[in-house]
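Please look through the structure shown here with attention to its bound ligands and to the residues that surround them.

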Amino acid sequence: AKPDFVNYAVVFDKKIHQNVVKRLQLENDLQQAITNNELHLNYQAIVNLKTEQINCLEVLVRWKHPFLGLVSPGKFIPLSEETGLIIPLGQWVLTEACQQLSLWQKQFSHSLPLAISVNVSGIQLSHPELISHIDRLLQNFSLTGKHLKLEITESVLMENPSAVTKVLEQLKQRDIQLCIDDFGTGYSSLNYLRYLPIDTVKIDRCFVSQEGNDKNYDILKAIINLAHSLELNVIAEGIETEAQLQMLRNLGCEYGQGFLLAHPLNSQNVRNLIEEQFGC
Ligand code: C2E
Ligand code: CA
Ligand code: CA
Ligand code: CA
């Protein structure tokens, strides 16, 4: 009989092979996803913790694969970044989201005090056509920069601060608000916070999710106070319990997001939510 390790080696090899094939398949499928209409958007409310009013909607992309069902963006966004597909995908997200907001604006006689917040990856941010694409969208859909916020992760800001700052300043000239996403998880130099033209920090949900933990509480408190001393707004994400909500209110955090307040919803359900809150 063959020694056991030979079989192990074969199994191991096969596994790697299968994973490579799977990845290539997914990559290939993702390329088709836009043209085949397999992508759609969800929107999650960002709520003013004092008034409980919706302030903004975060745009979250969804991919319904014909055989695999829903594939998580945590999986296909990194894949799209590695392959460059994030450029057409990101443009699709921005276009679709602006179109949807302009539709809601029309339905509510252009009186909605509501903005959309779109995640942009570092590759998108350094793409030379990002600004002209956004300008075109705002014009085509009769929106202003005030309707649009962009969420950028901490690590992207720290990788190439001087190049990124130039783009951010161009965005600021258009009144587009800028938010640091997943704040606290990167290796950011706090010093940059003073120089980047940022309006908001969004505290990563890992600091919110264990409210019983003394260290996390101290970090939360420190981030909120630091942000306020720099005149930045604070959003806490991942709020799931009343206790977390209460704690964040007590710490003076102005905005919140999480399953307790609202789940990511499709456009029809968001419309109902808007109707409830803003009337017709
Ligand atoms: P993110 O930007 O940090 O988005 C928040 C994620 O947390 C979303 O996951 C959302 O569904 C989830 N979430 C919201 N509230 C709660 C809560 O109370 N508890 C928990 N446990 N989770 C909550 P989702 O939609 O799976 O997105 C994952 C990530 O994929 C996003 O993280 C973002 O980094 C990325 N992503 C999603 N859409 C886009 C996009 O259009 N463009 C880019 N570049 N990235 C995107
Ligand atoms: Ca985000
Ligand atoms: Ca986040
Ligand atoms: Ca995240």
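The paragraphs below go from the surroundings of one ligand to the calcium ions and their protein donors.

The model is a predicted one, and a convenient place to begin is ligand 1, around which 20 residues are gathered, with Gln44, Arg62, Arg205, Glu240 and Phe259 as the closest. The space that ligand 1 takes up is the largest pocket, and the elements that contribute two or more residues to the shell around ligand 1 are strand E2 (54-65), helix H2 (73-83) and strand E6 (177-183). Of these contributions, that of E2 is the largest share, amounting to four residues. Sorted by class, the shell around ligand 1 comprises eight nonpolar, five polar and seven charged residues.

Charged residues also appear in the polar contacts to ligand 1. Glutamate 240 places a polar side-chain atom 2.5 Å from a nitrogen atom of ligand 1, whereas arginine 205 has a polar side-chain atom 2.9 Å from an oxygen atom of the ligand, and for aspartate 182 the corresponding distance to an oxygen atom of ligand 1 is 3.4 Å. Ligand 1 taken alone would expose 810 Å², of which the protein buries 82%.

Aspartate 182, which is found in strand E6, leads from ligand 1 to the metal sites. For the calcium ion (ligand 4), the protein donors are two OD entries of Asp182, lying 2.8 to 3.0 Å from the ion. Which residue coordinates both the calcium ion (ligand 4) and the calcium ion (ligand 3)? Aspartate 182 does so, and these two ions are 3.8 Å apart.

A further pair of ions involves aspartate 181, since this residue coordinates both the calcium ion (ligand 2) and the calcium ion (ligand 3), which are 3.9 Å apart. For the calcium ion (ligand 2), the protein donors are Glu58 (OE), Asn119 (OD1), Glu151 (OE) and Asp181 (OD), lying 2.2 to 2.4 Å from the ion. Read along the chain, the donors of the calcium ion (ligand 2) follow the spacing E-x60-N-x31-E-x29-D. Distant parts of the chain are thereby linked, with glutamate 58 in strand E2 and aspartate 181 in strand E6 lying 123 residues apart.

Strands E2 and E6 thus come up in both parts of this account: both give two or more residues to the shell around ligand 1, and they hold glutamate 58 and aspartate 181, respectively.

How values were computed. Residues numbered from 1 in each chain as written. Chains lettered and ligands numbered in written order. Predicted model: local features only at pLDDT ≥ 70, side-chain atom pairs only at ≥ 80, totals over all residues. Heavy atoms only, no water. Near = heavy atom within 4 Å. Polar contact = N/O pair within 3.5 Å; in protein donor to acceptor, adjacent residues only side chain to side chain. Areas by Shrake-Rupley, 256 points an atom, 1.4 Å probe, with all protein chains shown as cover. 1 Å grid on protein atoms, 1.4 Å probe; cavity = no way out; pocket = protein on both sides within 12 Å on 5 of 7 lines; lining within 4 Å. Sits in = over half its atoms within 2 Å of the grid points. Nonpolar A, V, L, I, M, F, W, Y, C, P; charged D, E, K, R; others polar. Donors = N, O, S within 2.8 Å, 3.2 Å for Na, K, Ca; no water.
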